[in-house]
Amino acid sequence: MLNAQSLKIIDKAVAKYPPDQKQSAVMAALAVAQDEKGWLSPEVMDFVASYLDMPPVAVYEVATFYGMYNLSPVGKYKLCLCTNLPCALSGAVEAAEHLKKKLGVDFNETTADGRFTLKEGECFGACGDAPVMLVNNKRMESFMTPESLDKLLAELK
Amino acid sequence: MSAMLKLEVDGREVEVPPGSTVMDAATQLGIFVPHFCYHKKLSIAANCRMCLVHVEKAPKPLPACATPATEGMKVWTQSAQAKQAQNGVMELLLINHPLDCPICDQGGECQLQDIAVGYGASESRYTEPKRVVMHKSMGALISAEEMTRCIHCTRCVRFGQEIAGVMELGMIGRGEHSEIVAFVGKSVDSELSGNMIDICPVGALTSKPFRYSARTWELSRRKSVAPHDSLGSNLIVQSKGSTVMRVVPLENEDLNECWISDRDRFSYEGLNAPDRLTQPMIRQGGTLKEVDWQTALEHAAKLLSDVRDQHGAAALGLLASPQSTLEELHLAQQLMRGLGSENIDFRLRQRDFSADGKRSGIPWLGMKVADIGRLDRVLIIGSYLRKDHPLLANRFRQAAKRNQEVNLVHVASDDPLIKLKTKLVVAPSDLPAALSRIVAAVAELKKLPRPAGITNLAIDEPSRAIAGSLVSGGSTAIFLGSTAEQHPEAARLHALAQEIALLCGAKVGFFGTAANSVGGYLANCVPGGAKGLNARAMLEAPRKAYVLLNLEPELDCHDPAAAMRAVKSADCVVALSSFRTRATEYAQVLLPVAPFTETSGSFVNTEGIRQSFNAVVKPLGEARPAWKVLRVLANNLGIPGFDFDSSESVRDVACRTADIPARLDNGISGIDLATAAGANQPASNALERIADVPIYFADAIVRRAESLQQTKDSREPRATMSPATAAKLGLSSGDSVRVRQGDGEAVVVLNLDEELPQNCVRLATAHPACSGLGPMFGEVSVERAG
Ligand code: SF4
Ligand code: FES
Ligand code: FES
């Protein structure tokens, strides 16, 4: 199901915990699986479950709890805009409107060319930089005014 | 033990052991604290917040279920602060809860409804739209059509994790997007799943078979006892008019705690099966016709006495199902003995009767059910524990989480969902040898001589591990399960278990295969004298006439093919049955008798507790309680001693409660421990059969329970073998194969199982698809079909 490279990283995560508590590595394992597959299909979650000796539904619980896990395929760039209160008060509402108009999609939708998926995020703990947006789970962008958004989008090919 | 804690709840003083919660203290005083997520048998989740109480010096109300009781604590459950908190939580819980009580199956028995009456406002202050949650599909037993009603207490999730031993439901999402689901595409398949319906405090999880068929307040309730496994779970059977509508547990901490298995809960559907026998029938000129009781009973009496007059009493035989009541078994054997025959048995799936006459008493659990949890070392021999004894399995599951080491020696690898210390899977023919090796290993560890017959045996790693576990305990028991009882060398397995027990100071116990496995012995429903034939002998040397009590020979006997041959070749078969069954093909007389809900009677469970119950509803059609039918039949035959006027009077003649303990004894003597080399070993190219009794095919009632028949456990049986064995035969998974045994065959799909012993094929018995096959153990051949 997952390639040798991914399994190696997962094994490393598993090794951090006592042998009878393999499931502690579930978040890391899901992240690795998602890096490889792009999203977490039921088959992938089922695989992670048996790999870590835990019930599939327990993996499902984790995968659905955290916004960074994709439970359906996403575009090349997943844009996750924080809409919690501090960001909302500092321009996130406007940023959201701008993104929606520019990309022609609503939250939880992907552009027709498969390039962008727009998502709503919860507080990233970076409220000082509000409004904040996370690109592909790993790259944090600060002060998302319409202008800086335009610049960013132009850059994401 | 450390000192008790003294605290005060609502101004009343109470003492609780350390580790108790405020909820425990309140419960002890009989003070009700409203709650949803708290359940005495489950871990503490403290997520509903309904149990908030006022605690002295605490700045905020605290959840009673999760707050440890401390010395000198002062708690108020109904102060203004507590009330305000409780009312507030109630209001929050109701924000999204639909107002569909009038069409909700839980209405009238809903914790949320009840508590809302006491703590809720009469009107909501919220005008926003309510949240909607999509319905879920969880299989044939649990309806999850209205998940909008769920209050996310996670009782169902915790039940799966902690009691059923398998987490099938989980809570996905977060915050107000949380939902209870099974994993994508999965159903809930646990054999204890129905308990989730009981513990769900709202109408989110409800009984699918019962759905929309009655309201709780229309039902009458009667206590009863489960007629399937040997535990004797206590039931409340609910009926409307003359129909049983639903079965729920009656709490009995010593036996079933507050649970029942799905078999005990949903088998009632079989009582209303379309093939219920509701009118006596006799065969005339080759065809069956319905007649009145008098005609049928006179005809039966005449046929039986004709056979006896022509062929002698030994030409008669009685086969009774161990699901029959004590009273029925007692009268049936008395009738047969009155006719002069000692061919009497209720141990239908047993193969080896060589222990008869060598046992010191009636085989039983060897202890109280509740004592299972106090053992610290256990060896279980030959048991499909989860499926044969769903709630005994739970006792071991809970104990294994504490300090009990459970070791299992079995012929199949089914996961008991119990943390096992050692699991050893061997071919049925190797079972005696495997136990002998454990005997040898225990002797070695104990530095005691090996018993005679076990001298030249090499000890292997698994036996050493099991022995090591057994000798290290303070309280040890060896249990024999159904497979051990049904094994062709059952007596030797019993004797070997006794040797292990003697060497390590353990007890021996039998799980027992059915509701009356102990009761059948007490009723003396076993062959007597030197000439009496047992269940096996009666079929291998067919009788001229049989009386059948509550059984389907092709499904309930060890060797279905031989059983069918015997009853078909008999001149006379008198079948007392609740269902039409295949008796319509061979019986001369069919007498409709009442199942357990329509008669009074008793079961004696595996711990030797005699539990009596009354009829819940009137017998269907012309069906009558079997004890009455047997009484009249005996009177027609002129057999004396049948002047009983109630089932209680039969019961007290059959066995008095006070006399039971003295008759229970698992001792055995005079059995040669040595197995001749190669005994039971099939010829080199043949395969050995491993047969289980699928949980929902174990007896006539459950076979007809429609919803249980739609579960995964009721799928068409498959032949299962190890990949190596399959490869040797050139077969692969998914092939359609023909399994031959004697003259019979079954065509089934092949499955592979890495853990199954080599040269074995597992194929269920007790299923119509396999009823043409022979014994549960022994030689079979397998080839590709078509
Ligand atoms: S389905 Fe019932 S038991 Fe399960 S979480 Fe919801 S309310 Fe609780
Ligand atoms: S509210 Fe957006 S980062 Fe904290
Ligand atoms: S019962 Fe205490 S928080 Fe739910």
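**Note on the predicted two-chain model**

1. B:Ile701 lies in helix H23 of chain B, which covers residues 700-703. The model is a predicted one. With a relative accessibility of 12%, B:Ile701 counts as buried, because the cut-off for buried is under 20% relative accessible area. Leaving out residues up to four places away in sequence, B:Ile701 touches B:His228, B:Ser267, B:Gly270, B:Leu271, B:Phe579, B:Pro595 and B:Phe596. B:Asn550 is 151 residues away from B:Ile701 along the chain, yet their C-alpha atoms are separated by 9.7 Å.

2. The domain assignment of chain B gives domain 1 as 5-95, domain 2 as 281-355 + 521-662, domain 3 as 369-510 and domain 4 as 687-784. Domain 2 is thus written as two segments, 281-355 and 521-662. Between the C-alpha centres of domain 1 and domain 4 of chain B the distance is 53 Å.

3. A second buried residue of chain B is B:Arg651, in helix H21 (residues 647-654). Its relative accessibility is 15%. Apart from neighbours within four places in sequence, B:Arg651 is in contact with B:Leu326, B:Glu327, B:Ser602, B:Arg610 and B:Ser612. The list of contacts includes a glutamate, B:Glu327, and another arginine, B:Arg610.

4. Helix H12 of chain B takes in residues 461-471, and B:Ser463, B:Ile466, B:Ala467, B:Ser469 and B:Leu470 are buried in it. Viewed down the axis of H12(B), the buried residues fall within an arc of 160 degrees, so they line one face of the helix. An α-helix has 3.6 residues a turn, so residues three or four places apart point the same way. The cover over the buried residues of H12(B) comes from both strands and helices of chain B. Among the strands are E18 (377-381), E19 (405-410), E20 (420-425) and E21 (476-480). The helices include H11 (431-446) and H14 (490-504).

5. Around ligand 1 there are 14 residues, of which B:Cys150, B:Cys153, B:Thr154, B:Cys156 and B:Cys200 come nearest. Sorted by class, the shell has eleven nonpolar residues, two polar and one charged. The nonpolar count should be read with care, because cysteine is placed in the nonpolar class.

6. B:Lys57 is not a glycine, but its phi is positive, at about 70 degrees. The residue sits in the loop between strand E3 (52-55) and strand E4 (62-63) of chain B. At 79% relative accessibility, B:Lys57 counts as exposed.

7. Chain A has 157 residues, and 41% of them count as buried. Six helices and five strands are assigned to chain A, in the order α-α-α-α-β-α-β-β-β-β-α from the N terminus. The C-alpha trace of chain A spans about 50 × 35 × 25 Å along its principal axes. Its exposed area is about 8,200 Å², with carbon and sulfur atoms supplying 55%. Among contacts in chain A with a separation of 6 or more, 58% join residues 24 or more positions apart.

8. For chain A the domain assignment gives domain 1 (4-65) and domain 2 (77-155). Their C-alpha centres lie 28 Å apart.

9. Two backbone features of chain A merit a check. Most residues other than glycine have a negative phi, and most peptide bonds are trans. The peptide bond from A:Ala130 to A:Pro131 is cis, with omega near -10 degrees. A:Pro131 belongs to the loop between strand E3 (116-121) and strand E4 (133-135) of chain A. A:Asn137 has a positive phi, near 65 degrees, in a residue other than glycine. The place of A:Asn137 is the loop between E4 and strand E5 (139-141) of chain A. With a relative accessible area of 24%, A:Asn137 is partly exposed.

10. A:Phe143 is found in the loop between E5 and helix H6 (146-155) of chain A. The residue is partly exposed, its relative accessible area being 47%. Setting aside residues up to four places away in sequence, A:Phe143 touches A:Gly128, A:Asp129, A:Ala130, A:Pro131 and A:Ser148. Both residues of the cis peptide bond, A:Ala130 and A:Pro131, are thus touched by A:Phe143. From A:Phe143 to A:Ser90 the C-alpha to C-alpha distance is 8.8 Å, with their positions 53 residues apart in sequence.

Methods: Residues are numbered from 1 along each chain as its sequence is written. Chains are lettered from A and ligands numbered from 1 in the order in which they are written. This is a predicted model: local features need pLDDT of at least 70, side-chain atom pairs count only at pLDDT 80 or more; totals for chains, interfaces and linings use all residues. Side-chain values use heavy atoms; hydrogens and water are left out. Domain bounds come from an automatic or database domain assignment. Buried means under 20% relative accessible area, exposed over 50%, partly exposed in between (1.4 Å probe, protein chains only). Helices (H or I, at least four residues) and strands (E, at least two) are DSSP runs, numbered from the N terminus. The arc is that of the directions from the helix axis to the C-beta atoms. Contact means heavy atoms within 4.5 Å. A residue is near a molecule or strand if one of its heavy atoms lies within 4 Å of it. Accessible areas come from the Shrake-Rupley method with a 1.4 Å probe; for residues, only the protein chains shown count as cover.
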